[in-house]
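User: I would like to learn how to read a two-chain model feature by feature. Can you take me through one?

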Amino acid sequence: MAEQAGDKAFLQFTNVKKTYDHKTLVVKDFNLDVAKGEFITLLGPSGSGKTTCLMMLAGFEDVTSGEILINGRSVTSIAPYARNIGMVFQQYALFPHMTLRENLAYPLKIRKRPKDEIKAKVDEYLSLVELLDFGNRFPGQLSGGQRQRVALARALIFAPDIVLMDEPLGALDKKLREQMQFEIKRLHEQLGFTVIYVTHDQTEALTMSDRIAVFNNGIVQQCAAPHVLYERPANLFVADFIGESNKLKGTIESVGDDRVGVRLEDGGLVSSLKANCCEIGLPTTVSIRPEKLTFTDRLGSAGNQVKARFVTRHYVGEYIRYHFATADGTELVVKNLNDSSAPQFSNSDEVALAWLPQDSQALDRPVAASTL
Amino acid sequence: MSALTTTEAGQAASARSKKRLTAFLFVVPLLAFILLTFVAPIGSMLWRSVHHPAVAELIPLTLVELQRWDGHAIPDETTLNVFALELHGLAKQRLSGKLSEELNRAYTGMSSVVKSSARRIGRLKIEQLESQGAETLLQAHRNWSKAEVWYAIKRAGQIYTYDYYLTALDLELHPEQGIQVREDTQIYLQLYGKTLNMALVITLFCALLGYPLAYYLSGLPENRANLLLVLVLLPFWTSLLVRTTAWIALLQTNGVINSFLLSSGLIGQPIEMLYTSFATIIAMTHILLPFMILPLYSVMRGIDPSYLRAAMSLGAKPIPAFARIYFPMTLPGLSAGALLVFIISVGYYITPALVGGTDGQMISNIIAFHMQRSNNWELAAALGSLLLGLILVLYWLYDRFVGASNIKLG
């Protein structure tokens, strides 16, 4: 899958802005190119503008300024029912007075397809979501997971250009959510439709997407593949929002091609990857993932080091979380696999923690918000 | 699963019965209230419509004698003598007026006949009656020689009767031909029809006016919708009488509406609006509208806007989406509102009485008439029982075709 869709973009948001109250922008200059068949997730905290973007694409909210193009054609003035976009809602929105079959047949009946074709299609999609035996039931007689599968089938049955999913798994419990993630992925690979998926659950975003656009305050902070987001976050917000990160404050002392030297507040000098910093003398934050931080005896003298006091230890199951505090009170977390090598510490032991320079990022602030 | 031991089962059972008793104690006051003010009056009404001992108490011996009567010619002399004797007794006790009223109800025109005959017979001595009773009676009025009169008296003497139901259904019992349609006065059936018709029209108007309003309210933010709902309920806070009187002021010949239309030159003659069924319908629609709006609103409020969005994303244009998706989902509220408005308007009394005139009267006004003016409580009870039966039948039909479980009041 193309990382950047480039000129052949199937779906394009260009300079899209949205305000509800004519005072503040909910979406500030949204740009995104999506290739055909791509699985894009809009990820962000609630109120960050991701659902608004989805609603503008679906046509339920109008665009304040900017363009949304599908296949190079602007859709901003096209009515929602003419956009040929499938949508899966958080609360399923299955029509309660119709059976599953009637629900699935609905978009086809509107399109005036012949009866036998409708029947064949409904059969096909019911078996696709493994609910063929449930066709004559009403949505109220199904479990949450089954309802969501029907909603999915209904959004796909009329072969829409794009399928939008607005937190579709939000109402399900954890185990079911994981099953459904797998299910959606399977259908996506099998049928090859384009997905715009909205969620605030980062695990969901990381496991399913080709690319993730991380939203905050109406701005896309970073749009990249999951591993890039996780390993090379573009700014502090992304580093914080996706996964967990240890943050050490310091000042930039030297700038290289892709590395910077940072003088930490406790006086130590560390080397780190250059992200969105960097000028000598400016403050910065070095971010390290808890599982990249380890104890010196593992790494020898290869990496950066910082001294910290042991605070407490949490037993999680497959791994153990060690909590440390540096001299200036910054909290550091180390994730260590729960194997025989997991060390024991007693309170207030002073330990040197180490990490490799390529596993850390020198980060600035989040992308500044532009105003109306 | 392991079975409970006997002791455990016993404990569970006693806990359950204790719970039931507590629950029952909570509803006892309401239950007593309902029994006293609702079930008992309705029961006594149903009872009164078939139980009518008045005539049987006044002339018991005559009625016994009439048992032997073949129903064709005048009853034999013994019977007439017994009747004369009883009439004499009634005249002395000043009860002949009551008898005249009762018999008049059974056979029109008997009021004066009974009164004058009672006076005549009352003047005789009891010893004279033994021999001259029958003769005096027959001389007193020619009606006493009519078989129909005696037939009517015999029927009126029955303690348990369905005659009032026959009257309420515009039927009568003919001595030879059995039950047949009464030819002279056809009022009640027509009135039932008109009542149902008007209730239907009122329900329709309420639905037409209430549905768009409820839809609009359901789309508003909660605080504004609540404010507007208070306005919908505002009519409930003013007296029904005041609201109805306001309609009189609006609708009368030189009322607000006519004055406005006349002065604007739209009409040359005032329109007769007050004291017509039009006035009844318009005033009752106004009064009953909240009963339609409230259930509709609460059902619509519960419908997630994503249903309509889903329909549109699936390709449905707004109007088909509304008709096929939204409207069916509001049916529970619509049927609840319609049922409420219909049943309330079928039995409505005060508004048609005030603004309806003769044209806009409904069945309850006739019932009230028989209760208050003509003093025929038995007929009023029969009419009321029929109305109750009619509503039950309609409710049954509704349940059959729409399903009562679909009703949703909130």
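**Reading the model, feature by feature**

Analyst: Start with a hairpin, in a model that is predicted. In chain B, strand β1 (residues 171–174) and strand β2 (residues 178–181) run antiparallel and are joined by four bridges.

User: Which residue stands opposite Leu171(B) in β2(B)?

Analyst: Val181(B) stands opposite Leu171(B).

User: And how many residues does the hairpin use to join β1(B) to β2(B)?

Analyst: Three residues make the connection.

User: How do I read a whole sheet?

Analyst: The general idea comes first. Strands pair through backbone hydrogen bonds, in parallel or antiparallel fashion. Now the case in chain A. The strand order is β6-β7-β8-β3-β9-β10, an open sheet of six strands with mixed pairing. β6 and β10 (219–224) of chain A are the edge strands; each has a single partner strand, so one side of each lacks a neighbour in the sheet. From one strand to the next, the twist averages 15°.

User: How do β6(A) and β7(A) run, parallel or antiparallel?

Analyst: Parallel: four bridges join β6(A) to strand β7 (residues 162–166) of chain A. For a register point, take Val88(A), whose bridge partner in β7(A) is Met165(A).

User: Which helix lies across β6 and β7 of chain A?

Analyst: Helix α4 (residues 144–156) of chain A does. α4(A) runs at about 175° to β6(A).

User: How do I judge whether a helix is covered?

Analyst: Count neighbours residue by residue. The cut-off for buried is 20 or more other C-beta atoms within 10 Å. Helix α1 (residues 50–58) of chain A is mostly covered, with eight of its nine residues buried. Among the buried residues are Lys50(A), Thr51(A), Thr52(A) and Cys53(A). Leu54(A), Met56(A), Leu57(A) and Ala58(A) are also on that list.

User: What is the phi of Gly59(A), which follows α1(A)?

Analyst: Gly59(A) has a positive phi, near 100°.

User: Now the opposite end of the scale. Why does Arg68(B) count as exposed?

Analyst: Arg68(B) has 10 C-beta neighbours inside 10 Å, so it counts as exposed. The cut-off for exposed is 12 or fewer. Arg68(B) sits in a loop of chain B, between α3 (60–66) and α4 (77–92). Compare sequence and space for Arg68(B) and Thr79(B): they are eleven residues apart in the chain, with their C-alpha atoms 9.1 Å apart.

User: How is each chain divided into domains?

Analyst: Chain A has domain 1 (6–236) and domain 2 (244–363). Their C-alpha centres lie 39 Å apart. Five residues from domain 1 of chain A and six residues from domain 2 of chain A take part in the contact. On the domain 1 side of chain A, the residues are three nonpolar, one polar and one charged. In chain B, the assignment gives domain 1 (54–159) and domain 2 (188–406). The centres of those two domains of chain B are 51 Å apart.

User: How do I describe chain A as a whole?

Analyst: Use content, extent and burial. Chain A has nine helices and 20 strands. Its C-alpha trace spans about 75 × 50 × 35 Å along the principal axes. Of its 372 residues, 41% count as buried. Among contacts in chain A with a separation of 6 or more, 67% link residues 24 or more positions apart.

User: What does a record add?

Analyst: It supplies labels to set against the model. An unreviewed UniProt entry lists residues 11–242 of chain A as "domain: ABC transporter". In the model, that span is 36% helix and 25% strand, with its end C-alpha atoms 25 Å apart. For chain B, the unreviewed UniProt entry lists "transmembrane region" spans, including 229–253 and 333–356. Residues 229–253 of chain B are 84% helix and 0% strand, and their end C-alpha atoms lie 33 Å apart. For residues 333–356 of chain B, the values are 83% helix, 0% strand and 30 Å between the end C-alpha atoms.

User: Last feature: how do I read the interface between the chains?

Analyst: The size of an interface is often given as the accessible area lost when the parts come together. Here, use residue contacts: 19 residues of chain A touch 14 residues of chain B. On the chain A side, the elements giving two or more residues are β6 (85–88) and α2 (100–110). By class, that side of chain A has 14 nonpolar, three polar and two charged residues. β6(A) thus appears twice in this tour: at an edge of the sheet, and at the contact with chain B.

Terms used:
Residues numbered from 1 in each chain as written. Chains lettered and ligands numbered in written order. Predicted model: local features only at pLDDT ≥ 70, side-chain atom pairs only at ≥ 80, totals over all residues. Contact = placed C-beta atoms within 7 Å. Nonpolar A, V, L, I, M, F, W, Y, C, P; charged D, E, K, R; others polar. UniProt positions renumbered as here; feature names shortened; annotations may be inferred. Pairing = 2+ DSSP bridges. Domains from an automatic or database assignment. Axes fitted to C-alpha atoms, helices over the stretch in contact; angles between N-to-C directions.
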